[in-house]
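Student: I'd like to go through this protein with you, one question at a time. Can we take it slowly?

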Amino acid sequence: GAFHCGVEVHGAEWSYSDIEHEPGVALALTGIFVCKPRRCVGHKYVETVHMGETPLGPAEALALVNRMRSEWPSSEYNTFR
């Protein structure tokens, strides 16, 4: 089957998808989205794989993700690539 993957950084789970927005959330052209760790709507949590620690603080990590948003548009998402 297919699997959802997210990266948890400073208490938030970041992911990439072709879903542009959730109900009640303003439309965004980026495919990057955030949710509570292990609580992504529509997915069943199975396993955590520890990937190490980030040297970035919370504000720096958020700034990095915000810079990446334009580079990861939802229109470019491809499940089979």
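Tutor: Sure, and here's a term to begin with: a salt bridge is a side-chain nitrogen of Lys or Arg within 4 Å of a carboxyl oxygen of Asp or Glu. Keep in mind that we're looking at a predicted model.

Student: By this rule, what does the salt bridge count come to?

Tutor: Side chains of opposite charge can pair when their charged atoms come close. Here the side chains of Glu 8 and Arg 38 meet that way, at 3.2 Å from N to O. Going by the rule, the count comes to one salt bridge.

Student: Which parts of the chain does that pair tie together, and how far apart are they in sequence?

Tutor: Start with where each partner sits: Glu 8 is in strand β1, while Arg 38 is in the loop between β3 and α1. Because of that, the pair links parts of the chain whose distance in sequence is 30 residues.

Student: Is Glu 8 buried, partly exposed or exposed?

Tutor: Buried means under 20% relative accessible area and exposed means over 50%, with partly exposed in between. Glu 8 has a relative accessible area of 47%, so Glu 8 is partly exposed. For its partner, Arg 38, the value is 39%, so that residue also counts as partly exposed.

Student: What's the phi of Arg 38 near?

Tutor: Arg 38 is a residue other than glycine, and its phi is positive. His 10, in the loop between β1 and β2, has a positive phi too, near 50°. For Arg 38, phi is near 65°.

Student: What pattern does the chain follow when you read along the sequence?

Tutor: Count the elements to begin with: the secondary structure comes to one helix and three strands. Then put them in order along the sequence, and you get β-β-β-α.

Student: How much of the protein chain counts as buried?

Tutor: The cut-off is the one we used before, under 20% relative accessible area. The chain has 81 residues, and the share of them that counts as buried is 17%.

Student: Which strand gives the largest share of the lining of the second largest pocket?

Tutor: Rolling a probe the size of a water molecule over the atoms shows where empty space is left. The second largest pocket has a volume of about 860 Å³, and of the 26 residues lining it, the closest to its centre are Gly 6, Val 7, Glu 47, Thr 48 and Val 49. The lining divides into 11 nonpolar, eight polar and seven charged residues. Its largest share, three residues, comes from strand β1.

Student: What accessible area do Val 7, Val 49 and Met 51 have together?

Tutor: These residues form a nonpolar patch on the surface. One of them, Met 51, lies in the loop between β3 and α1, and at 69% relative accessibility Met 51 counts as exposed. Together, the patch residues have an accessible area of about 320 Å².

Student: How far apart in space are Tyr 45 and Cys 5?

Tutor: Tyr 45 lies in the loop between β3 and α1, and with a relative accessible area of 40% it is partly exposed. In sequence, Tyr 45 and Cys 5 are 40 residues apart. In space, C-alpha to C-alpha, Tyr 45 and Cys 5 are separated by 9.6 Å.

Notes:
Residues numbered from 1 in each chain as written. Predicted model: local features only at pLDDT ≥ 70, side-chain atom pairs only at ≥ 80, totals over all residues. Heavy atoms only, no water. 1 Å grid on protein atoms, 1.4 Å probe; cavity = no way out; pocket = protein on both sides within 12 Å on 5 of 7 lines; lining within 4 Å. Points joined across faces, edges and corners; volume = space filled by probe spheres on them. Helix = DSSP H or I, 4+ residues; strand = E, 2+ residues; numbered from the N terminus. Nonpolar A, V, L, I, M, F, W, Y, C, P; charged D, E, K, R; others polar. Patch = residues over 30% accessible without salt bridge, like charges linked within 9 Å, V, L, I, M, F, W, Y side chains within 5 Å. Areas by Shrake-Rupley, 256 points an atom, 1.4 Å probe, with all protein chains shown as cover. Buried < 20%, exposed > 50% of the residue type's maximum accessible area, 1.4 Å probe, protein only.
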